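This briefing was prepared for readers at the bench. It treats the surroundings of a bound ligand, and then a helix and an annotated region of the chain.

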Amino acid sequence: MATEPVPIFTSVIDAHPIPAIATREAARFDALVSEFTQRFGHKPAYIARAPGRVNIIGEHIDYALFGVFPAAVEQDVLIACARRPDDLVLDGGERGHVHAQNLQPKYTPQTFAPMLRDAAITQNTEQSASSHVRLHQWHLDIDPRQLRWESYVKAGYYGVLERFFTPSGSAALESEPVNTDILVTGTIPAGSGLSSSAAMVVASTLAFLAVNDKLDIATPDAPTRRITKGELVSMAVENEKRVGVNSGGMDQAASVTALPSTALYISFYPVFHAEPVPLPIRRTARKAVWVCANSLVQSEKVLGAKTRYNLRVVETLVAARILARVLGLSALLASGDSKFTLREVLAAYVGSGEAKGAPAPALTPEQLSAGLERMLDEVERLRPARLAAREAGADAAQADAAGEELGLTYDEMVRFSGLDAAAFHATYLSWVEVEATRFQIYKRTKHVFSEALRVLRFRAADADALPESTLHDLGALMSASQASCSALFECSCPELDALTALALRSGAYGSRLTGAGWGGCTVSLVAEDEAEAFIARLVAGYPPYAGLGDEARREAVFATVPSNGAFVFKLG
Ligand code: GLA
């Protein structure tokens with residue numbers, strides 16, 4: 001999948017093969033085209049489209065490089081775009097100016113232009129002498145502390161500028177980015193945990209690639225070829241980091257590589273791999289569907305990043321180092337890669353011979369499951385009392401392993417990492433801002449390994465004829481995931497806990513938060529013939545739905561159908 005070209009369609013039925021959906025989408029495209037034409041005085045050349053995703057299982061483990069199991073949702077972002085005609089350019093000197101508008105009136109029109117600045121970069125050469133090189137770097141003025149809609153548009157633009165328009169050394173630009181008009185619309189509620197941000201960044205990356213004629217790339221040693229889905233995912237992941245969240249690659253990968261009617265098993269180690277998995281829930285004796293329900297608590301990854309998302313990224317990375325020390329994985333600790341993940345600790349522990357970026361050998365799902373089972377025993381050695389006993393040379397196994405875990409202080413965490421304070425800071429904190437009084441190494445690691453195992457068990461339900469009990473098993477895995485997110489990873493919130501509990505009381509096989517958490521949506525597995533009644537029970541039982549009108553309620557609680565991944569639509 002990753003090596004497949006990014007699709008460019010010229011007919012709606014090719015883009016959306018189900019006729020009813022094609023008709024609906026054609027109407028949306030037409031409306032967007034006429035609105036664009038009215039606002040900008042010329043027609044759009046392309047529509048870039050990227051869907052949101054629902055993560056069925058595998059939360060907060062993508063940045064530890066364990067596989068996840070999302071599907072694209074129908075809700076998406078559309079960006080109509082075109083080169084601004086020369087006669088509309090104001091002072092004639094513009095280069096890559098963007099006039100960005102959004103159909104949502106609350107997102108006000110923005111214009112911005114990238115600046116090419118000199119940056120002195122220190123490079124370590126092979127001879128270990130360091131030298132200064134002058135590089136040009138694009139600057140688009142994104143402030144990660146502010147939630148601004150156009151930041152996501154700029155984030156997509158950055159990658160295109162850097163990849164295709166950055167001169168090396170002092171060379172002049174070979175070509176310049178074009179002046180662009182864009183009009184954005186979308187149906188993914190912001191902060192709903194359905195990845196509106198990744199969809200925005202993917203769509204924006206695609207729009208700027210299209211309008212700058214960079215979807216087909218010329219390489220020195222090969223004929224011109226279309227940019228691949230894997231390349232688009234990497235660009236979008238890097239681009240989104242500029243908005244201030246060090247997210248893993250799940251959302252972008254799901255948005256780009258999704259296929260209708262299937263979920264995706266996405267793995268990141270040793271190489272990025274996305275594999276469509278037919279949905280077991282459509283082959284069970286009693287068919288089931290997924291129902292998303294929005295808690296209506298806005299979950300803004302960007303705003304809470306330093307005490308939530310980015311803190312979790314740092315905790316799991318530090319956990320990998322402490323665990324590697326406890327397990328005596330000296331080769332991993334001595335390797336040049338000073339920041340490594342829990343998945344790499346597992347690889348070293350089971351001696352898989354895997355190496356980041358090298359396609360083979362990779363552990364089979366069975367081997368990976370066996371490794372995770374062993375890790376779930378070893379993780380007990382990360383309990384703070386055990387770590388302290390180990391350091392004091394006492395019998396670590398005797399240390400009290402029960403009771404409430406308070407976590408580690410910053411100083412304890414640094415000590416157990418085996419690094420001095422300066423090296424610790426440089427490795428784990430110099431690139432990110434986090435804030436905490438206690439760091440939860442044990443709890444986070446236990447969540448990551450147990451969640452990774454649940455994903456593999458979920459995915460294994462792929463036999464041909466499945467009894468209804470399979471749905472109960474899958475549901476139990478989802479509910480166990482919720483319990484772990486809530487108690488160990490602490491990424492739930494009272495509303496999500498209440499909504500998942502209500503879902504179970506209302507007949508769901510299983511229910512969990514989806515996405516980063518701290519608000520946003522839940523996803524529940526529900527028998528298809530029960531779905532309508534289930535939705536009615538949720539609507540009646542969750543107090544924040546009480547004041548909503550019909551449309552808002554339909555947007556808040558809905559059965560979801562996996563949709564197609566991102567594409568570019570070329571207008572005639
Ligand atoms: C966000 C991130 C993803 C992933 C999830 C949690 O959606 O963007 O990369 O980490 O949170 O599973």
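**Ligand site and helix α6**

In this predicted model, a polar side-chain atom of Asp62 is placed 2.6 Å from an oxygen atom of the ligand. The protein covers 99% of the 310 Å² of accessible area that the ligand has on its own. Asp251 also approaches the ligand, with an N or O atom of its side chain 2.6 Å from a ligand oxygen atom.

**Ligand surroundings**
- There are 13 residues around the ligand, and those that come nearest are Glu59, His60, Asp62, Asp251 and Tyr309.
- By residue class, the shell around the ligand comprises 4 nonpolar, 4 polar and 5 charged residues.
- The backbone also takes part: a polar backbone atom of Ala516 lies 3.5 Å from an oxygen atom of the ligand.

**Helix α6**
- Helix α6 spans residues 250-257 and is mostly covered, with 8 of its 8 residues buried.
- Asp251, whose side chain lies 2.6 Å from a ligand oxygen atom, is one of these buried residues, which also include Met250, Gln252 and Thr257.
- The buried residues of α6 pack against two helices, α4 (196-211) and α5 (229-241), and against the strands β2 (46-57), β3 (69-83), β11 (262-267) and β12 (273-278).

**Annotated region**
- An unreviewed UniProt entry lists residues 178-256 as "domain: GHMP kinase N-terminal".
- Over residues 178-256, the chain is 46% helix and 20% strand.
- The end C-alpha atoms of residues 178-256 are 25 Å apart.

How values were computed
Residues are numbered from 1 along each chain as its sequence is written. This is a predicted model: local features need pLDDT of at least 70, side-chain atom pairs count only at pLDDT 80 or more; totals for chains, interfaces and linings use all residues. Side-chain values use heavy atoms; hydrogens and water are left out. Buried means under 20% relative accessible area, exposed over 50%, partly exposed in between (1.4 Å probe, protein chains only). Helices (H or I, at least four residues) and strands (E, at least two) are DSSP runs, numbered from the N terminus. Contact means heavy atoms within 4.5 Å. UniProt positions are given in the numbering used here, feature names are shortened, and annotations may be inferred rather than shown by experiment. A residue is near a molecule or strand if one of its heavy atoms lies within 4 Å of it. A polar contact is a pair of N or O atoms within 3.5 Å; within protein, one must be able to donate a hydrogen and the other to accept it, and residues adjacent in sequence count only if both atoms are side-chain atoms. Accessible areas come from the Shrake-Rupley method with a 1.4 Å probe; for residues, only the protein chains shown count as cover. Ala, Val, Leu, Ile, Met, Phe, Trp, Tyr, Cys and Pro count as nonpolar, Asp, Glu, Lys and Arg as charged, and the others, Gly among them, as polar.
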